[in-house]
Amino acid sequence: MNTLELQQRLDKQIKRKEKVERAIERTQGEIKELKSKAANTIQVAGLNWALCNLGTDLDTPHGRHYTFDEAQKAIPDGWRLPTFDEFKQLHDRTTHEWINRDGLNGMLFTDTDNGNEIFFPAAGHRDYTDGALLAVGTQGVYWSSSIGNATYGLYLNFHAGYVYPQLDTNRMYGFPLRCVQ
């Protein structure tokens, strides 16, 4: 075997090694992403729910408020909004308790099959006429992915004494979002 052939063999081996290393990095990245997603979800009523509202941070513990159309565009890859029927399942397959958690009022949903719990803060809503943030701490309203008609979207609504899983209203209101996988 001459020097040129040896160099070509070595180049092929180096390329194969680099290809394998890139594949390992991709796989490790995918595993990390899956673990991260799994750590940030909980299964309740047959769905994996995000543990917090979209846009939640230290300054906005309730998350951002989105119009229905903004909501459809804001969802991160790998996530989606629950459907109207999935909010009904959340209602039907859980117990509901109005509680205060870490200074936030809201509804605790406890899965009647597996005992898992998920807390939805009473984040109120943003009025579409003047942009005012209303009912924070007393009402929870969350957009579904389901459309009522040309101007209405379907949502989950709760107060201290009740949970209504299937209501519709003007899609210009700003509601928080809870994503599912």
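**Exercise 1. Salt bridges across the fold**

Let's start with a tally: this predicted model comes to 4 salt bridges. Your task: take the one between Arg 171 and Asp 69 and work out which parts of the chain it ties together.

*Solution.*
Step 1: check the distance. The cut-off for a salt bridge is a side-chain nitrogen of Lys or Arg within 4 Å of a carboxyl oxygen of Asp or Glu. Arg 171 and Asp 69 come in at 3.9 Å, N to O, so the pair passes that cut-off.

Step 2: place both residues. Arg 171 sits in the segment after β10 (162–170), while Asp 69 belongs to helix α2 (residues 68–74), so the salt bridge links parts that are 102 residues apart in sequence.

Step 3: look at the surroundings. Buried means under 20% relative accessible area. Arg 171 has 15% and counts as buried. Asp 69, at 39%, is partly exposed.

As background, side chains of opposite charge can pair when their charged atoms come close.

**Exercise 2. A pair within a helix**

Find the salt bridge partner of Lys 88 and say how many residues lie from one to the other along the sequence.

*Solution.*
Step 1: the partner is Asp 92, with the closest N and O atoms 2.7 Å apart.

Step 2: both Lys 88 and Asp 92 are in helix α3, and they are 4 residues apart, or about one turn of the helix.

Step 3: on accessibility, Lys 88 is partly exposed at 31%, and Asp 92 is partly exposed too, at 44%.

**Exercise 3. Loop to loop**

Arg 93 and Asp 113 form another salt bridge. Which loops does this pair tie together?

*Solution.*
Step 1: confirm the pair. The closest N and O atoms of Arg 93 and Asp 113 are 3.6 Å apart.

Step 2: locate the ends. Arg 93 is in the loop between α3 and β3, and Asp 113 is in the loop between β4 and β5, so the contact bridges parts 20 residues apart in sequence.

Step 3: compare exposure. Arg 93 is partly exposed, with 31% relative accessible area. Anything over 50% counts as exposed, and Asp 113 is exposed at 61%.

**Exercise 4. Build the three-stranded sheet**

Sketch the open sheet of 3 strands, giving the strand order and the edges.

*Solution.*
Step 1: write down the order, β3-β4-β5, with antiparallel pairing.

Step 2: mark the edges. β3 (94–101) and β5 (117–121) each pair on one side only.

Step 3: add the twist, which averages 30° from one strand to the next.

Step 4: fill in the β3 pairing. Strand β4 (residues 104–111) runs antiparallel to β3, and 8 bridges join the two. One handle for your sketch is Ile 99, whose bridge partner in β4 is Gly 106.

Step 5: put the helix in. Helix α3 (residues 84–92) lies across β3, β4 and β5, at about 85° to β3. That's the helix from Exercise 2, home of Lys 88 and Asp 92.

**Exercise 5. Hairpin and positive phi**

Describe how β1 and β2 connect, then pick out residues other than glycine that have a positive phi.

*Solution.*
Step 1: strand β1 (residues 41–44) and strand β2 (residues 47–50) run antiparallel, joined by 4 bridges. Val 44 stands opposite Leu 47 in β2.

Step 2: the two strands make a hairpin with 2 residues between them, and Ala 45 in the turn has a positive phi of about 55°.

Step 3: remember the usual pattern: most residues other than glycine have a negative phi.

Step 4: go to Asp 102, where phi is near 55°. Asp 102 lies in the loop between β3 and β4 and is exposed at 75% relative accessibility.

Step 5: Ala 135 also has a positive phi, about 65°. Look for Ala 135 in the loop between β7 (133–134) and β8 (140–147); at 27%, Ala 135 is partly exposed.

**Exercise 6. The whole chain**

Summarise the chain: its elements, its buried share and its contacts.

*Solution.*
Step 1: count 3 helices and 10 strands. From the N terminus, the order is α-β-β-α-α-β-β-β-β-β-β-β-β.

Step 2: of the 181 residues, 38% are buried. The accessible surface is about 10600 Å², with 50% belonging to carbon and sulfur atoms.

Step 3: among contacts with a separation of 6 or more, 54% join residues 24 or more positions apart.

Conventions
Residues are numbered from 1 along each chain as its sequence is written. This is a predicted model: local features need pLDDT of at least 70, side-chain atom pairs count only at pLDDT 80 or more; totals for chains, interfaces and linings use all residues. Side-chain values use heavy atoms; hydrogens and water are left out. Two strands pair if DSSP finds at least two bridges between them. Axes are lines fitted to C-alpha atoms, for helices over the stretch in contact, and angles run from 0 to 180 degrees between N-to-C directions. Contact means heavy atoms within 4.5 Å. Buried means under 20% relative accessible area, exposed over 50%, partly exposed in between (1.4 Å probe, protein chains only). Accessible areas come from the Shrake-Rupley method with a 1.4 Å probe; for residues, only the protein chains shown count as cover.
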